[in-house]
Amino acid sequence: MSAILRAAVNEVTHVRQYQPGRVVSASKVVDMRSDTVTRPSPAMRKVMAEAVVGDDVYGEDVTVNELERKCAEYFGKESALFVLSGSMGNLLAVMSHCGMRGSEMIVGQQAHMHRWEQGGYAQLAGVSATTLVNEPDGTIALDAIETAVRDGTDFHQPTTQLLCLENTHNYRGGVAITIDYMQKVRTLADKYGFRVHIDGARLINAAVALGVSADKLVADADSVQMCFSKGLGAPMGSILCGDKAFIERARRSRKAVGGGWRQAGILAAAASMALENGVHTVTRDHANAVRLATELNRLASDKFLVNMNTLQTNIIMVQLRSNDAAVLCEKLGAMDPAVLCSPFDADRIRLVTHCDIQDSDIDVVVNAFAKL
Ligand SMILES: Cc1ncc(COP(=O)(O)O)c(C=O)c1O
């Protein structure tokens with residue numbers, strides 16, 4: 001069988017950020033660049049085909065309405081809004097929390113919202129940002145947040161309205177931020193009067209890794225965005241959750257940015273199925289990630305090593321001893337079977353397990369690395 005892959009936007013690497021129209025010909029392709037590359041299963045396509053739909057801008061798509069109700073309950077928030085993408089969910093959160101001109105937000109220097117969403121918060125929401133380092137565990141140091149907060153009493157300064165955190169943290173290797181940290185952040189937020197948003201593109205991965213429920217993990221945040229199109233395996237869509245007034249403002253802004261969609265129930269049906277199977281799906285992905293990382297380390301290569309301390313979810317960061325991640329990824333992609341992975345930094349390769357990765361694919365990847 002010959003496979004031709006048109007590579008999607010590679011959202012992770014700043015070695016090569018975009019690989020337009022890349023073509024791979026091989027008898028088999030194991031695509032571990034991201035968990036965004038999954039295809040809807042036949043069962044998912046069936047529920048999409050059979051979804052009852054209506055005009056969602058009129059509030060008449062019952063499948064969307066049901067998904068929003070279900071998600072609000074799942075994340076323990078008053079209300080929810082189904083949106084096109086994680087980036088849109090994050091942007092609407094910023095718009096909805098920081099209505100006032102002269103607002104700023106605090107965000108991690110290594111956060112997806114800062115690095116890989118084109119600065120949408122500034123470009124489209126008109127909000128400035130103070131960026132702070134994400135620690136190896138994905139958090140932002142509490143004392144750094146406290147020092148950075150600006151309360152608006154000095155009219156030279158913008159007013160800090162929002163803190164954005166990412167859970168799991170992609171750049172830090174899919175590490176999960178704990179409830180304990182979230183509680184401490186809440187104390188700061190209440191003290192200084194700012195809101196807390198979670199970019200939870202992979203929030204269910206975090207909940208599973210920590211062994212807690214999703215609602216408890218976001219209880220101390222004002223809002224959360226979660227993607228159905230990552231590890232959960234839906235073709236597109238994200239959910240934004242928060243209180244009723246926040247979601248109503250987000251719904252208005254969604255229309256302004258062109259996100260008012262019509263018979264979106266087709267996608268909501270897929271999202272709903274993805275959510276129902278979510279814990280099961282990501283649990284298997286995490287187990288595959290541990291197996292892959294363990295076997296890669298067993299090769300005892302003098303070229304690379306996986307740090308097992310930061311391996312918590314479905315993202316495997318292969319640390320190289322050289323700065324040739326892009327070259328090695330090219331080599332892996334040119335093999336047959338081909339292994340696609342992302343040159344994440346000059347000296348790190350990212351591999352992501354997801355629902356389209358079978359147990360036998362792990363052996364293929366290990367063999368490919370052995371050949372390197
Ligand atoms: C942590 C994180 N947040 C947000 C996003 C944005 O999601 P989308 O690609 O659906 O806009 C991504 C995408 O990979 C991500 O990894």
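## Rings, charges and a modified lysine

The charged end of R348 sits over the ring of Y171, at 4.7 Å from the ring centre, where such a placement requires CZ of Arg or NZ of Lys within 6 Å of the ring centre and within 35 degrees of the ring normal. This is a predicted model, in which local features need pLDDT of at least 70 and side-chain atom pairs count only at pLDDT 80 or more, while totals for chains, interfaces and linings use all residues. Residues are numbered from 1 along each chain as its sequence is written, and side-chain values use heavy atoms, with hydrogens and water left out.

**Exercise 1.** Classify the aromatic pair formed by Y74 and F75.

*Solution.* Begin with the rule: rings of Phe, Tyr and Trp (its six-membered ring) pair if their centres lie within 6.5 Å, and planes under 30 degrees apart count as stacked, over 60 as edge-to-face and the rest as tilted. By this rule the count comes to 7 aromatic pairs. For Y74 and F75, the centres are 5.1 Å apart and the planes make an angle of 70°, so the pair is edge-to-face.

**Exercise 2.** Describe where K230 is placed and what it is in contact with.

*Solution.* First, K230 belongs to the loop between β9 (223–227) and β10 (238–242), strands being DSSP runs of E with at least two residues, numbered from the N terminus. Next, leaving aside neighbours within four places in sequence, K230 is in contact (heavy atoms within 4.5 Å) with D35, T36, T38, A201 and R202.

Definitions and conventions. Helix = DSSP H or I, 4+ residues; strand = E, 2+ residues; numbered from the N terminus.
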